[in-house]
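Ready for some practice in reading a structure? Look at the sequence and the model, try each exercise yourself, and then follow the worked solution.

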Amino acid sequence: MPKITDIKVIRTRATGTWLVVKVFTDQPGLYGIGSAHEMNATGAVVAAIEEWFKPRLIGRDAAHIEDIWQTTFTSGYWRSGPVHNVALGGIDIALWDIKGKEAGLPVYQLLGGPCRAAVPCYAHAHGATLQALEDDIRSYLEDGWQYVRCQYGAYGSEGMLPAADAKPPAGIGAPFARDRVFDEETYVQNVVGMFGYLREKLGYGPKLTHDVHEHLRPNMAVRLAKLLEPYQLFFLEDVLPPEQIAYFRHIRQQCATPLAMGELFTNVQEYLPLISERLIDFIRVRVSKVGGITQANKVAHLCEFFGVQTAFQEGGNTDPVNQTAAMHVDMARWNFGIQEENDFRPAERDAFPGIPVIEHGYLYPNNRPGLGIDIDEEKAAALLEPERARRPRYVAEDRKVDGTAVRP
Ligand SMILES: [Mg+2]
C-alpha cells in the first residue's frame with residue numbers, strides 16, 4: 001500500500017487562487033491531485049495544508065481515505081469552516097485520484113459505477129438588456145444546451161439603481177456611498193418581469209434557473225419564490241442567506257418553486273435540516289468546500305433518501321480539478337440533478353492535461369484511471385501573475401441607498 005511522502009500546494013491562475021494539492025507516495029510515479037481552491041482566504045488554506053495537515057499525514061497509508069478524512073476533520077478539535085474544510089477536501093480528492101490510479105479505474109467506477117452516459121450541465125446566460133439576455137440564452141439553446149441560468153446584468157444588478165435616482169442621505173460619503181445601490185423591491189419586480197419576458201419569448205421548453213445571491217430579506221425571498229411559481233423555473237438558487245435557512249419552511253408552505261441552496265455550506269448542520277426536512281430540491285455544495293469526494297458522496301447518498309437531488313456548485317472562480325471531482329460523483333449518484341458548468345481559457349485548459357470536455361451541454365469523463373486530469377506545473381506556473389496573486393481579495397460590498405451593506 002502506498003505511503004504518503006509529501007504534500008505540496010501549487011498556486012495557479014493569474015490570481016493565484018487555484019490551489020492544486022499534490023499528494024506524493026513512496027510508489028514510483030504514483031501521486032494524486034486535488035482542488036483546494038479559495039478565492040479570498042488563499043494564503044490561509046495554503047498554510048493549513050502545508051504547515052498543519054501535511055506533517056501529520058506524512059507516512060500515513062494513502063489508501064485509508066475514510067480514516068484520514070475522519071481524523072483530519074477532528075485533528076484541530078474545532079472543525080468545519082471554509083478554510084479547514086477546503087484544505088481537507090483538496091487532500092481527500094487527491095487520495096481518491098491515487099486510489100483510482102492504483103486500481104486502474106476512473107474514480108466514478110470506485111463510487112459504484114456510472115448511472116448515466118454523461119453529465120448534463122447548465123450554462124450561464126446574462127445580458128445588459130432583456131433582449132441581450134434572450135439572445136445569449138438562444139445561443140446556448142441552439143448549441144444544444146437544455147438548462148440555462150438567467151441573470152439580467154451582473155449578479156444582483158437586477159435590483160441596482162443609480163444612487164442619484166434613489167435619494168441618498170445628504171452628505172453620504174465613504175464607506176457608505178455607492179454609484180449604484182441595491183433596492184429589494186426593484187430586484188423582485190425586475191426578476192419577475194425577466195421571467196415573464198423570457199417565457200413569452202422562449203416558451204416553457206427551456207429549463208431556466210436564477211441565482212438570487214442571498215440579497216433579499218427573508219420575507220422578500222418568500223414573495224419572490226411565490227411570484228416566480230407561474231414561470232416554472234428549474235430552480236431558484238440561493239434565495240436566502242445561510243443565516244436564514246429556517247425561512248425555507250415558509251417558502252415550502254406557500255409555493256412549489258424548486259429551491260437550490262448550499263454553495264456556502266461547510267458544516268453538516270447547515271445542510272442536514274434542509275435535506276432531512278425536505279425543504280430544498282437541490283443541494284448545491286461545492287465538492288472541495290464540503291470536504292472533498294468522500295463528503296460530497298455522502299451528502300448525495302443522504303439526499304437520495306429524502307428525494308433531494310444534487311447540483312454541485314462551480315461558477316467562474318473554481319478550477320478544473322474541482323469540476324472533475326464533481327463530475328465523478330455526478331456520474332455515480334442516481335439522484336444527480338444537474339451540474340453547474342465552468343469554462344476555462346485555452347491556456348488554463350493546456351495546464352490541465354486530461355481536462356474533461358463540455359460539449360452541447362454535457363460534460364464527458366475521459367475514462368482514464370483516477371480523476372483522469374493532471375497538472376502541467378510549468379504551464380500552471382506561467383499562468384500566475386505574481387503581482388495579482390499578492391493582492392488581497394474581498395467580496396464586493398453592495399449597499400442600499402442609505403449605506404446599509406447587503407449580504408453577498
Ligand atoms: Mg449561487
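**Exercise 1.** Find what percentage of the residues of the chain count as buried in this predicted model.

*Solution.* Start with the cut-off: a residue is buried if 20 or more other C-beta atoms lie within 10 Å of its own. Next, apply it along the chain: of the 408 residues, 47% count as buried.

**Exercise 2.** Compare the radius of gyration of the chain with that of a compact globule.

*Solution.* First take the length, 408 residues, for which a compact globule would have a radius of gyration near 22 Å. Then look at the chain itself: its value is 22 Å, so the two agree. To picture the extent, note that the C-alpha trace spans about 65 × 50 × 40 Å along its principal axes.

**Exercise 3.** Describe how domain 1 and domain 2 are placed and how they touch.

*Solution.* Step one is to locate them: domain 1 covers 4-106 and domain 2 covers 110-370. Step two is the distance, with C-alpha centres 27 Å apart. Step three is the contact, where 34 residues of domain 1 meet 25 residues of domain 2.

**Exercise 4.** Work out which elements of domain 1 give two or more residues to the side that touches domain 2.

*Solution.* Begin with the strands, E2 (18-25) and E3 (31-35), then add the helices, H2 (65-73) and H3 (82-103). Now weigh the shares: H3 gives the largest, with 14 residues. Finally, sort this side of domain 1 by class, and you get 15 nonpolar, 13 polar and 6 charged residues.

Definitions and conventions. Residues are numbered from 1 along each chain as its sequence is written. This is a predicted model: local features need pLDDT of at least 70, side-chain atom pairs count only at pLDDT 80 or more; totals for chains, interfaces and linings use all residues. Domain bounds come from an automatic or database domain assignment. Two residues are in contact if their C-beta atoms, placed from the backbone, lie within 7 Å. Helices (H or I, at least four residues) and strands (E, at least two) are DSSP runs, numbered from the N terminus. Ala, Val, Leu, Ile, Met, Phe, Trp, Tyr, Cys and Pro count as nonpolar, Asp, Glu, Lys and Arg as charged, and the others, Gly among them, as polar. The radius of gyration is taken over C-alpha atoms; the globule rule is 2.2 Å times the number of residues to the power 0.38. A residue is buried if 20 or more other C-beta atoms lie within 10 Å of its own, exposed if 12 or fewer, and partly exposed in between; C-beta atoms are placed from the backbone.
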